[in-house]
Structure formats: C-alpha cells, structure tokens
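Reader: I am new to this structure and should be grateful for a close look at a single part of it. Would you please take me through that part step by step?

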Amino acid sequence: MSFAEAATQRLETIGFRSTAPRRAVLSAIQDAPGPFTIEDLLAELPSVGRATVFRTIKLLQELELVCRVPLEDGTARYQLSEGGHHHHLVCRTCGAVAEFSDLEIDTRIQEQASTHGFALQGHSLELYGRCRDCRRR
Ligand SMILES: [Zn+2]
Ligand SMILES: [Zn+2]
Ligand SMILES: [Zn+2]
C-alpha cells in the first residue's frame, strides 16, 4: 500500500473524509524527492488552499506518518516518518534527514530533567553535519 493510500485510511478512521484537495496533498508528500517545506507543498499545489495543506500536515504529524525536522536557521522540513519517538541526523550539505532512536539518550535526558526539578513533556534532538554520501563526494 502506498503512503497516500495508508494515510487516507488512517485519516478516515479518525473521521476525516478523503477529499480531492487532501488527496492532492498526500500524493505531493508521497512524491516529494526529500524533506520538504510547507512552502514547497504550496508551490506544488497552487489549487489547494493554505489551510488544507497546514491542517493535513498537522494531522499527519499527529498520526506519526510525517515528522517535523527543525533546522538551525529556524525553519523546518517535513518528511515521511517511521513513526514513534526518534531523533534526526540532518545533513547540512544535501539536506538528507535520517532517523534514529536511542533509549539510553532518552533516559539521560529524563534524568537531566529530573535533576533540574523539571517536568519533562517532550524533547527533540537533531544532529547537524555531513552525511556519509556527502563525505564520500
Ligand atoms: Zn523524523
Ligand atoms: Zn548529505
Ligand atoms: Zn529522544
């Protein structure tokens, strides 16, 4: 099953009808060559309203089908996600984003929060650098 089909099913199970604009957003996401911005999607889908694009991305994030990757310049990219809590390796050269999870890191982060009397409600961890492919070039 393609991403767009799977996402349509998941959205329907939580009560969102499949509409033509929403299907257009899903297939644009599926066809994205790599991590994309909301602006990329809007440019790709001139006939789809801004609100629909934003709402669809938000729903996909809630369903963990798409994740948000914060960049150092304050912008964000989105990409299809494996789901579940994870961290990112972001290549500064080509923009590729790899995902990894590490329970030990999460445990240490929780410990740091506890040490500071801080009620941890979430965290995001991005590693910035050059990916293996770019290092080989
Ligand atoms: Zn991710
Ligand atoms: Zn790279
Ligand atoms: Zn974590």
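Author: The account below concerns strand S3 and the parts of the chain that meet it, including the zinc sites. The model is a predicted one.

Strand S3 comprises residues 87–91, and four of its five residues are buried. Two other strands pair with S3. Strand S4, residues 97–100, is joined to S3 in the antiparallel sense over four bridges. Strand S5, residues 126–129, runs parallel to S3, and four bridges connect the two. Histidine 88 takes part in both pairings: its bridge partner in S4 is glutamate 99, and its bridge partner in S5 is glutamate 126. Between S3 and S4 the hairpin has five residues, and within the hairpin glycine 95 adopts a positive phi near 85°.

Histidine 87 also belongs to strand S3. Histidine 87 counts as buried because its relative accessibility is 0%, and the cut-off for that class is under 20%. The side chain of histidine 87 makes a polar contact of 3.0 Å with the side chain of aspartate 106. Setting aside neighbours within four places in sequence, the residues in contact with histidine 87 are Ala98, Glu99, Phe100, Ser101, Asp102, Ile105, Asp106, His123 and Leu125.

The next element to consider is helix H5, which spans residues 103–115. Its 13 residues reach 18 Å from the first C-alpha to the last, close to the 18 Å expected at 1.5 Å a residue. At the start of H5, a side-chain oxygen of aspartate 102 comes to within 2.9 Å of the backbone nitrogen of glutamate 104. After H5 comes glycine 117, with a positive phi near 65°.

The first zinc site may now be described. The zinc ion (ligand 1) has as its protein donors Cys67 (SG), His86 (NE2), His88 (NE2) and Glu99 (OE), which lie 2.0 to 2.1 Å from the ion. Along the chain these donors follow the spacing C-x18-H-x1-H-x10-E. Cysteine 67, in strand S1 (residues 66–70), and glutamate 99, in strand S4, are 32 residues apart, and the pair links distant parts of the chain. Glutamate 99 is thus both a donor of the zinc ion (ligand 1) and the bridge partner of histidine 88 in S4.

The geometry of this site is irregular, with angles of 90 to 141° among the four donor atoms of the zinc ion (ligand 1). The tetrahedral class requires all angles to lie between 85 and 135 degrees, and the upper end of the range at this site is 141°. As for exposure, cysteine 67 is buried because its relative accessible area is 9%. Glutamate 99, by contrast, counts as partly exposed because its relative accessibility is 23%.

The second zinc site includes a residue of S3. The zinc ion (ligand 2) has Cys91 (SG), Cys94 (SG), Cys131 (SG) and Cys134 (SG) as its protein donors, lying 2.3 Å from the ion. Their spacing along the chain is C-x2-C-x36-C-x2-C. The site of the zinc ion (ligand 2) is tetrahedral, with angles of 107 to 114° among its four donor atoms. For four tetrahedral donors at a metal, the ideal angle is 109.5 degrees. Two of the donors may be set side by side: cysteine 91 is buried because its relative accessible area is 4%, whereas cysteine 94, at 43%, is partly exposed.

One residue elsewhere in the chain serves as a point of reference. Leucine 59 lies in helix H4, residues 50–62. The C-alpha atoms of leucine 59 and histidine 88 are separated by 21 Å, and the two residues are 29 apart along the chain. Leucine 59 counts as buried because its relative accessibility is 9%. Not counting residues up to four places away in sequence, leucine 59 touches Leu11, Ile14, Phe16 and Arg22.

In summary, S3 pairs with S4 in the antiparallel sense and with S5 in the parallel sense. Histidine 88 is among the donors of the zinc ion (ligand 1), and cysteine 91 is among those of the zinc ion (ligand 2).

Key. Residues numbered from 1 in each chain as written. Chains lettered and ligands numbered in written order. Predicted model: local features only at pLDDT ≥ 70, side-chain atom pairs only at ≥ 80, totals over all residues. Heavy atoms only, no water. Donors = N, O, S within 2.8 Å, 3.2 Å for Na, K, Ca; no water. Tetrahedral: all angles 85-135°; square planar, octahedral: opposite > 155°, others 65-115°. Buried < 20%, exposed > 50% of the residue type's maximum accessible area, 1.4 Å probe, protein only. Pairing = 2+ DSSP bridges. Polar contact = N/O pair within 3.5 Å; in protein donor to acceptor, adjacent residues only side chain to side chain. Contact = heavy atoms within 4.5 Å. Expected span 1.5 Å × (residues − 1).
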